[in-house]
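Please open the structure in your viewer and keep the selection panel at hand. The tour below moves from one selection to the next and says what is to be found at each stop.

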Amino acid sequence: MLSLSTLYPNSTNPRFGTFVARSLEALAARNGWEVTCINPLGIPPIAFGKYRALKDAAVDGVENGVDVRRPTFPLIPRFGGRINPAIIARKVLPLAQELHAQTPFDILDAQFFYPDGPAIASIAKELGLPYSIKARGADISYWGKQDYGAEQMLDAASGAAGLLAVSQALADDMAGMGMRREAITVHYTGLDRDRFRPLDHVGLRRKLGQELGLSLPSTAPLLATVGALIPRKGQELVIGALADLTDAHLLLVGKGEDEHHLRRLAADMGAAGRVHFLGSVDHNLLPVILSAADLMVLPSASEGLANAWVESLACGTPLVITDAGGARELVMGPEAGTIVERDLSSVTQGIRHMLANLPSPRIVAAMAKRFSWEANAGALAQYYERLIDRHAG
């Protein structure tokens, strides 16, 4: 299989698309599968700031069983959305043709619906191979609202051998755009079960505080929010809830364009000392953060099925989330948490309710028992084999 993914871990951004990497690695570990991933990196004509380091990360190699290739393509930041699929396809096609000539592929795959989907459709047409496209959430909720994005995605979907969605709710959204519902298979995320599990709470906050250089409360409520610091994730509402939760602390995991605004909001509320901006954290530290927290609060405007939801449950930490994407496919009882409206009063009340009714970590963790990367890869292998057999027949 040849997979195209514009989001994939690299030396500059080791946290980018780790869920894509884990899925492909688990597939590559199965007998009979050879997996190649092309991870095109967009670099502006003048590589400045973060792009200079990203250019240095354009290195090929076999990573955990996956043959990863990282060609670069010319990027116009913030303005290239309409043309990125065509540029990526033009840049990737010669490499795909070369690899296909060496060891023929059976199927092509796009890990995101935009820009990856239209790009893989163009490449597959040239190679005469079947292809699949996966939708993950924002690729549908954001790009699907852009006329040019929706047009290109629908065209790519019409020629695909199959489509994947990370939740039933997202599959319904795809069908609402005009994609064939019968062509869509729901494929849930995986989970590193050895890493994400309830950790011993005795002394855990003290240990975490020492690791982070913070003074964390031993008994007062500790909330965690895991996600990019962008308006869609709703960290503003979680910080706002601290006005009514006067002893609670908040751990914000993630980076993004909203950080300056969120820091000012916390300061204006007099809560700067209780809101801790952790940035991107090592994946081994994230289970400690989630296990130490009483709740994981993420009032998103849209989601597919957030990996952070699953990882939090696996660590025994219940959720306070909005009715976004596959939320109801995960929070199916009070043991998993509560679903609230996306406004300050509802988020605050949801936090208060869960803090007063915390289930045991063991019961919460059981809500994530169906998730693993092995199960993810097994379902993926069956799906691809079905598409390959159909094409061969």
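What follows is a walk through a predicted model, stop by stop.

**Helix H7 and the residue after it**

Begin by selecting residues 168-177, which form helix H7, and colour Leu170, Ala171 and Met174, the buried residues of this helix. Looking down the axis, you will find that these residues cover an arc of only 105 degrees, which puts them on the same side of H7. An α-helix has 3.6 residues a turn, so residues three or four places apart point the same way. Now add strand S8 (131-135), helix H5 (138-141), strand S9 (162-165) and strand S10 (184-186) to the view, since these are the elements against which the buried residues of H7 pack. Just past the helix, select glycine 178, which follows H7 and has a positive phi, near 120 degrees.

**Helix H14**

Move next to residues 344-356, the 13 residues of helix H14, and draw a line from the first C-alpha to the last; the helix reaches 18 Å, close to the 18 Å expected at 1.5 Å a residue. Its buried residues are Ser346, Val347, Thr348, Gly350, Ile351 and Met354. Against which elements do the buried residues of H14 pack? Show strand S11 (222-226), helix H9 (235-241), strand S14 (295-298), strand S15 (319-322) and strand S16 (337-340), and you have the partners of those buried residues.

**Asparagine 84 and the cis bond**

Select asparagine 84, which lies in helix H3; is this residue buried or exposed? Asparagine 84 counts as buried because its relative accessibility is 13%, and the cut-off for buried is under 20%. Beyond its neighbours within four places in sequence, asparagine 84 is in contact with Phe73, Leu75 and Pro115. From there, step across to proline 115, which sits in the loop between strand S7 (108-110) and helix H4 (116-127), and look at the peptide bond that joins tyrosine 114 to proline 115, which is cis, with omega about 5 degrees.

**Asparagine 64**

Another loop residue to select is asparagine 64, found between strand S4 (61-63) and strand S5 (66-69). Although asparagine 64 is not a glycine, its phi is positive, about 55 degrees, and the residue is exposed, with a relative accessible area of 57%.

**Glycine 209**

Go on to helix H8 (residues 204-212) and pick out glycine 209, which counts as buried at 3% relative accessibility. Leaving out residues up to four places away in sequence, glycine 209 touches Leu214 and Leu216. If you also select isoleucine 289, 80 residues away along the chain, the distance between the two C-alpha atoms is 9.7 Å.

**The second largest pocket**

Turn to a surface view and centre on Met1, Glu34, Val35, Thr103 and Phe105, which lie nearest the centre of the second largest pocket among its 16 lining residues. Helix H3 (84-102) and helix H16 (373-392) are the elements that give two or more residues to this lining. The pocket holds about 350 Å³ of space, and its lining has seven nonpolar, five polar and four charged residues.

**The cavity**

For the last stop, select Ser23, Asp109, Gln111, Lys134, Arg136, Leu164, Leu380 and Tyr384, which line the largest cavity. About 30 Å³ of space lies inside this cavity, and its lining comprises three nonpolar, two polar and three charged residues.

Note on methods:
Residues are numbered from 1 along each chain as its sequence is written. This is a predicted model: local features need pLDDT of at least 70, side-chain atom pairs count only at pLDDT 80 or more; totals for chains, interfaces and linings use all residues. Side-chain values use heavy atoms; hydrogens and water are left out. Buried means under 20% relative accessible area, exposed over 50%, partly exposed in between (1.4 Å probe, protein chains only). Helices (H or I, at least four residues) and strands (E, at least two) are DSSP runs, numbered from the N terminus. The arc is that of the directions from the helix axis to the C-beta atoms. Contact means heavy atoms within 4.5 Å. On a 1 Å grid over the protein atoms alone, a cavity is a set of points where a 1.4 Å probe fits but cannot get out, and a pocket is an open set with protein on both sides within 12 Å along at least five of seven lines; lining residues have an atom within 4 Å of a point. Grid points are joined across faces, edges and corners, and a volume is the space filled by probe spheres set on the points. Ala, Val, Leu, Ile, Met, Phe, Trp, Tyr, Cys and Pro count as nonpolar, Asp, Glu, Lys and Arg as charged, and the others, Gly among them, as polar. The expected span of a helix is 1.5 Å times one less than its number of residues.
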